[in-house]
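Trainee: Could we go through this model together? I would like to see how each label is earned.

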Amino acid sequence: MSVCGAARCRLIQTRGAVRRILQQNRTACSHTNGPAESIREKLQAFPGGSIELQKQETGIAVLTVSNPARMNAFSGSMMLELEQRVHELETWTEGKAVIVQGAAGTFCSGSDLNAVRAIANPHDGMKMCEFMQNTLTRLLRLPLISMALVEGRALGGGAELTTACDFRLMTSDGVIQFVHKHMGLVPGWGGAARLVRIVGSQNALKLLSGAKKVDPDFGKQMGLVDEVLHCSSGEGDTLAHGEQWLSQFIKGPAPVIQAVKKVVISGRELPLEQALETERNVFGTVWGGPANLEALALKPKHK
Ligand SMILES: CC[C@H](C(=O)O)C(=O)SCCNC(=O)CCNC(=O)[C@H](O)C(C)(C)COP(=O)(O)OP(=O)(O)OC[C@H]1O[C@@H](n2cnc3c(N)ncnc32)[C@H](O)[C@@H]1OP(=O)(O)O
């Protein structure tokens, strides 16, 4: 086979692998198509707030959880809207990164307690969790570098949302708190599974069983927080500071940044043999590509 033919073949294999992961996500929903539809109807019955998405020419998208009257709590319609926004990001070929933030100087106070009270039965609760797990898994698996910008508070489901991002940045007055135990609950949006992978099971156990408030120092110490912005919420342009921090990881063309994220996702999620295969396939999509040829032509020195 020619070099071009082999590269095309690897590209097709990679697309196939990515399609399989997306298919798995959709299948996770469609197994329960009837009940999934019924939980959509129930969620739709709790309107309020919005999830805004702004795709910028820099290749950074900003996803804003907005329900300021309720400290950006997730209404039912916001859960549905989040799924739609994630879908829009899945098909954003020019994208490199996404910043998840809350409106009006605070991150997110979890589920809207009014909706929670109305569906406080195990069946609806599990269906809501299944829906949110699916959306947040897709958010984490985006081929974009994601960052939660935590101003103010990230509570309950809001804390879980931060764990569905690759990085977490905090303002100096930021707090992440898994308040679930105080509510007689455990995380259900996949936040516990992701937290264990981020900070290890010992630290996760401490955070969940103690419903501990994680401030910037504590967060950095246990590896939950990647960087602290030296400003407090509502003080200065925190989004611009966040974008500035993120810029060190997204220099270069979108296909290369997306390839980096894809090999990290496969390394994180797949058994070694499959991860190695995916890595080879992704490698094949950038090897001999425009950015690679340009770099080779420059006779690089990495000082
Ligand atoms: C399994 C967990 C579950 C999930 O994963 O689905 C959850 O996420 S359950 C929700 C967990 N979150 C909470 O329990 C938050 C409870 N609220 C608070 O602790 C406070 O309101 C706080 C710390 C967010 C803000 O306190 P502050 O004194 O600054 O302001 P207010 O309390 O006056 O809040 C302003 C306004 O917002 C309403 N609010 C806040 N959070 C929620 C929420 N999650 N759902 C609905 N409404 C919320 C609060 O009631 C106030 O409204 P008002 O009409 O003025 O009373």
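**Ligand shell, strands and domains**

Mentor: Gladly. This is a predicted model. Let us start at the ligand, where α4 gives the most to the surrounding shell, with three residues.

Trainee: What makes a residue part of the shell around the ligand?

Mentor: Its C-beta atom, placed from the backbone, must lie within 6 Å of the ligand. Here 21 residues surround the ligand, and the closest are Ala73, Gly110, Ser111, Gly156 and Gly157. Two or more shell residues come from each of α4 (113-118), β5 (153-155) and α6 (157-162). By class, the shell has nine nonpolar, eight polar and four charged residues.

Trainee: Why is strand β6 called mostly covered?

Mentor: A residue counts as buried if 20 or more other C-beta atoms lie within 10 Å of its own. Four of the five residues in β6 (167-171) are buried, so the strand is called mostly covered.

Trainee: How do you know which strands pair with β6?

Mentor: Pairing takes at least two bridges. Strand β4 (145-150) has four bridges to β6 in the parallel sense, so the two pair; valine 150 has methionine 170 as its bridge partner in β6. Strand β9 (227-229) runs parallel to β6 with three bridges, so these two pair as well. There, leucine 169 stands opposite glutamate 227.

Trainee: Which domains does the assignment give?

Mentor: Domain 1 (39-248) and domain 2 (254-298). Their C-alpha centres lie 28 Å apart. The contact takes nine residues from domain 1 and six residues from domain 2.

Notes
Residues numbered from 1 in each chain as written. Predicted model: local features only at pLDDT ≥ 70, side-chain atom pairs only at ≥ 80, totals over all residues. Buried ≥ 20, exposed ≤ 12 C-beta atoms within 10 Å, placed from the backbone. Domains from an automatic or database assignment. Contact = placed C-beta atoms within 7 Å. Nonpolar A, V, L, I, M, F, W, Y, C, P; charged D, E, K, R; others polar.
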